[in-house]
Amino acid sequence: MSWWKHGVIYQIYPRSFLDTNGDGTGDLEGIRRKLDYLQELGVSGIWLSPINPSPMFDFGYDVSNYRDIDPVFGNLDLFKILVKEAEHRNIRIIMDMVLNHSSHLHPWFEESRKDRNNSKAGWYIWQDAKPGILGRKRPNNWMAAFGGHAWQWDENRKQYYLHLFTVQQPDLNWRNPELKKAVFRDLSFWLDLGVKGFRLDVINYLIKDNRFRNNPYRWRFTYPRRHDLQHHRYDRNQDECFDIIRELRSLTDAYPDTMMVGEVYPDEGVHAPDLAGRFMGNDLLHMAFDFSPMYTPFKAETFRGILRDWYSTIPPGGWPCHVFSNHDQSRASSRLAGKYHREEKLRLLAMLLLTQRGTPFMYYGEEIGMTDVKLKPSELRDPVGKKYYPFHPGRDRSRTPMQWDNSINAGFSEAKPWLRVGPDYRQCNAEKQMKDNNSLFHWYKKLIALRSREPAFHKGTIEFPPVHEQDLLYYIRKDGDKQFGVILNISPRPVSAFVSSPGKVCISTHREAGSSTGRDLYLSPYEGTIVEWR
Ligand code: GLC
């Protein structure tokens, strides 16, 4: 079985993991030093948010050289050591590749914008102005995700270029064969270095309508982000995108054991799992994220619906994956666990994530229950936060430094960290939790070990038998003769569950492992129990 189906993948936001050179920003050496920690937790792969050279207008999601490492993180030699040392611990490295756009400071764009005849003139998406009554008009009505129109006028070329994110992130022209070849060469570079896969940033945006038609208008009740006031019919999800993905798949298939997981961003009103499902398959992506759990309250009914929906849309050759937190969203611990019964809810979330069919993706700090940090406007670094505060706090809140111990700056850095450390770091830190066998860290560790040990969890089937209590989330994982019932009471009241047969507790938030269970189970508030049947 492929490693990425069998194991758990852990996302690291490298700026915030561990700073070893005293500049307040995390680095590759910091990640290397924490490989033992990750091995102890039991993860099989780490996905690194972008580490390529970048002027950091979008903190690495604006790449100025796809083949190198930004000096803030280290250099290629350090990267090679990291890959090797990780491999020794059976941990694979996944790179985050941002292929929809580059930085405006990438030499390709600097060349492209010089004039209309240079060798890279067609590597980006350039369009002439349309004549307007008051002078020039933009080519169409497309809006950028991070504010304003998606077209930027360039005085040199006397043309507009497209940027679906910030002005500093011009969109690459994937209809240009030379550009495609160049990017593919850069991807092979990383595969040759032993990288075992890619997380592909906004992969469904790669190709745009070749007639540049206007997006239809769409009314929504939201704060006035004009990007959300249109259906993104023509600036994403174009059929030709699948041809590019097929070529990407042929490229990665030439390297054993590699995996591609896509960030497929749905448009408002689009059924997210269906869309993600379309991007997976034997000749497409191995996995694509369905972000539905990020937009849902913590209720058994909603989660049951989301999960069943997700499983039913996985196409042949696709493989489900699950994610509750990442660098773009509020952490699940803040979104879903709240103040009351917090510890229990965090444990339920872990159980839910790690017992699904498909690959779980964790986000750094999730294993110790790190929360969003409330930052002052003057502390914001994220372009989205800066633009939309106070309507949207931006994404810095979930990108704050990893809380390692109770020393200054949570052991993250000796210098002033690039983002403020969470105020709870004296109670919530890795060192403290590693010492305490009953901590959340150990809970994650046990569940990861169970998932890896038991085929029912990493490759078995999943079934949702009917339940009589709407607060109960109940599913059965099965492989051969071995069956496990996962029973979660997502409510502050006790509820009873009726299961198919008596069994034995495998792991539980409230019960002793190994104790017997009958057909009736009375679950405490926010209890999660896995029963084993043979
Ligand atoms: C993706 C990334 C996000 C980034 C954006 C532009 O959504 O997850 O962090 O800002 O793409 O690259």
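## A quick tour: sheet, ligand, surface patch

Start with the small open sheet: 3 strands, ordered β4-β8-β7, with antiparallel pairing. Color the two edge strands, β4 (126–127) and β7 (151–154), each of which pairs on one side only. Keep in mind as you click around that this is a predicted model.

Now add β8, residues 159–162, to your selection. β8 runs antiparallel to β4, and 2 bridges join them. Which residue of β8 should you look for across from W126? Show side chains and you'll find Y161 standing opposite.

Next stop, the ligand. Select what surrounds it and you get 14 residues. The closest ones are D58, D201, E263, H327 and D328, so labelled in the order of the chain if you list them.

Time to pull up some distances to the ligand's oxygen atoms:

- D328: an N or O atom of its side chain is 2.5 Å from a ligand oxygen.
- H327: a polar side-chain atom lies 2.9 Å from a ligand oxygen.
- R395: here too a polar side-chain atom lies 2.9 Å from an oxygen of the ligand.

Switch on a surface and see how little ligand shows: on its own the ligand has 310 Å² of accessible area, and the protein covers 98% of that.

Last, head for the loop between β9 (197–200) and α7 (240–253), and pick W219 there. Is W219 buried or exposed? W219 counts as exposed because its relative accessibility is 53%, and the cut-off is over 50%. Add Y217 and F221 to the selection: together with W219 they make a nonpolar surface patch of about 490 Å².

Methods
Residues are numbered from 1 along each chain as its sequence is written. This is a predicted model: local features need pLDDT of at least 70, side-chain atom pairs count only at pLDDT 80 or more; totals for chains, interfaces and linings use all residues. Side-chain values use heavy atoms; hydrogens and water are left out. Patches are made of residues with over 30% relative accessible area and no salt bridge: like charges are joined within 9 Å, nonpolar side chains (Val, Leu, Ile, Met, Phe, Trp, Tyr) within 5 Å. Accessible areas come from the Shrake-Rupley method with a 1.4 Å probe; for residues, only the protein chains shown count as cover. A salt bridge is a side-chain nitrogen of Lys or Arg within 4 Å of a carboxyl oxygen of Asp or Glu. Helices (H or I, at least four residues) and strands (E, at least two) are DSSP runs, numbered from the N terminus. Buried means under 20% relative accessible area, exposed over 50%, partly exposed in between (1.4 Å probe, protein chains only). A residue is near a molecule or strand if one of its heavy atoms lies within 4 Å of it. A polar contact is a pair of N or O atoms within 3.5 Å; within protein, one must be able to donate a hydrogen and the other to accept it, and residues adjacent in sequence count only if both atoms are side-chain atoms. Two strands pair if DSSP finds at least two bridges between them.
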